[in-house]
Amino acid sequence: MGCFGLDIIELRQSQLESFTRSCGLRLQLVEIDNESVIECWVPKSITTHKPAVLLIHGFVFNATFEWEKQINALQKAFNLFVPNLLFFGRSTTQVEKRSEFFQAECMMKMLQQLNVKEAHVVGTSYGGIVAFRMAHMYPGVVKKVVIASAGVCMKPSTNDPLLKSFNASHVHEILMPNNVQNLKKCMKLATHKPFLFLPTSIYEDFIKCK
């Protein structure tokens, strides 16, 4: 059995998966090519009169943590597709590319494998950057795009004040913190209502889950 914090995280993940299934979605592993697999929540049954909506998460370790509040409301009017980007959840690749362009390409391949001809794309944080690239690269497929909290027009110096406040040399040290102190600071920046208190063990297990 894992430590106390890990048990809570696993329980929460199980709850979110059960909730997502109750909203009419099922979890599918989509082989987009010989080297990459995308884990995606897809409709249990496609409703032809509903448009498709692709929800792209940011830097959380699982998409259901990001979209919990939106899935139930949106599934009533849309065929929802909720993937884990590569390197999140069980989405994996043997390709060495690491960029939002590659993520956008893989999202497109996934839609093709799922026989989705066109879709509205919603992205938040890093997912917003991927959504922006998808809209630019595949205008015939992406009908409308919604981008939230994503720095699509950033300059190399944009993150300098943030890096200084974290005493970090690269933004990945903030987005993927490897110590409790930086994770607490990251959560404070990223949440509307920061957690008042969490045991250190839970923060440590969040870091393990990333």
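**Close-up 1. Proline 161, an exposed residue of helix 5.** Proline 161 counts as exposed, because its relative accessibility is 58% and exposed means over 50%. The model shown here, and in every view that follows, is a predicted one. Look for proline 161 in helix 5, which covers residues 160-166. For a sense of scale, compare its place with that of leucine 11: the two are 150 residues apart along the chain, and their C-alpha atoms are separated by 37 Å.

**Close-up 2. Leucine 162, a partly exposed residue of helix 5.** Leucine 162 also belongs to helix 5. How exposed is leucine 162? Its relative accessibility is 28%, so it counts as partly exposed, a class that lies between the buried limit of 20% and the exposed limit of 50%. Leaving aside neighbours within four places in sequence, leucine 162 makes contact with Ile174 and Leu189. Isoleucine 174 sits 12 residues from leucine 162 in sequence, with 8.7 Å between the two C-alpha atoms.

**Close-up 3. The loop between helix 5 and helix 6, with asparagine 167 and valine 171.** This view moves on to the loop that runs between helix 5 and helix 6 (172-175), where you will find asparagine 167. Asparagine 167 has a positive phi of about 55 degrees, although it is not a glycine. With 72% relative accessibility, asparagine 167 counts as exposed. Valine 171 is found in the loop between helix 5 and helix 6 too. Here the relative accessible area is 25%, so valine 171 is partly exposed. Which residues does valine 171 touch, not counting those up to four places away in sequence? They are Asn159 and Leu163. Asparagine 159 is 12 residues from valine 171 in sequence, and their C-alpha atoms are 7.3 Å apart in space.

**Close-up 4. Asparagine 115, in the loop between helix 3 and strand 6.** Asparagine 115 has its place in the loop that joins helix 3 to strand 6. What is the sign of phi at asparagine 115, positive or negative? Phi is positive, at about 60 degrees, although asparagine 115 is not a glycine. This residue is exposed, with a relative accessible area of 53%.

**Close-up 5. Methionine 137 and its contacts.** Methionine 137 lies in helix 4, which covers residues 126-137. Its relative accessible area is 30%, so methionine 137 is partly exposed. Setting aside neighbours within four places in sequence, methionine 137 is in contact with Phe101, Ala104 and Glu105. Lysine 97 is 40 residues away from methionine 137 in sequence, and the C-alpha atoms of this pair are 17 Å apart.

**Close-up 6. The largest nonpolar core.** Now we turn to the interior. The largest nonpolar core has 31 residues, and those touching the most other members are Leu54, Ile56, Phe81, Met107, Met110 and Met134. Which helices and strands each supply at least two residues of this core? They are strand 2 (36-43), strand 3 (52-56), helix 3 (100-113), strand 6 (119-124) and helix 4 (126-137). Helix 3 gives the most, with seven residues. Methionine 110 is a good place to rest the eye: not counting residues up to four places away in sequence, it touches Val30, Ile32, Ile38, Cys40, Leu54 and Pro83. There is also a second, separate core of 11 residues, which includes Cys23, Trp41, Leu55 and Val82.

**Closing view. The whole chain around the close-ups.** Stepping back, the protein chain has eight helices and seven strands. Its C-alpha trace spans about 50 × 40 × 35 Å along the principal axes. Does the radius of gyration of 17 Å agree or disagree with a compact globule? For 210 residues, such a globule would have a radius of gyration near 17 Å, so the value for the protein chain agrees. Buried residues make up 42% of the 210 residues. Among contacts between residues at least 6 apart in sequence, 65% join residues at least 24 apart. The accessible surface comes to about 12000 Å², and 55% of it belongs to carbon and sulfur atoms. The protein chain has 23 positive and 17 negative side chains, with the centres of the two sets 8 Å apart.

Notes: Residues are numbered from 1 along each chain as its sequence is written. This is a predicted model: local features need pLDDT of at least 70, side-chain atom pairs count only at pLDDT 80 or more; totals for chains, interfaces and linings use all residues. Side-chain values use heavy atoms; hydrogens and water are left out. Helices (H or I, at least four residues) and strands (E, at least two) are DSSP runs, numbered from the N terminus. The radius of gyration is taken over C-alpha atoms; the globule rule is 2.2 Å times the number of residues to the power 0.38. Buried means under 20% relative accessible area, exposed over 50%, partly exposed in between (1.4 Å probe, protein chains only). Contact means heavy atoms within 4.5 Å. Accessible areas come from the Shrake-Rupley method with a 1.4 Å probe; for residues, only the protein chains shown count as cover. Lys and Arg count as positive and Asp and Glu as negative; His and the chain ends are not counted. The place of a charge is taken as NZ of Lys, CZ of Arg, CG of Asp or CD of Glu. A nonpolar core is a set of buried Ala, Val, Leu, Ile, Met, Phe, Trp, Tyr and Cys residues joined through side-chain atoms within 4.5 Å.
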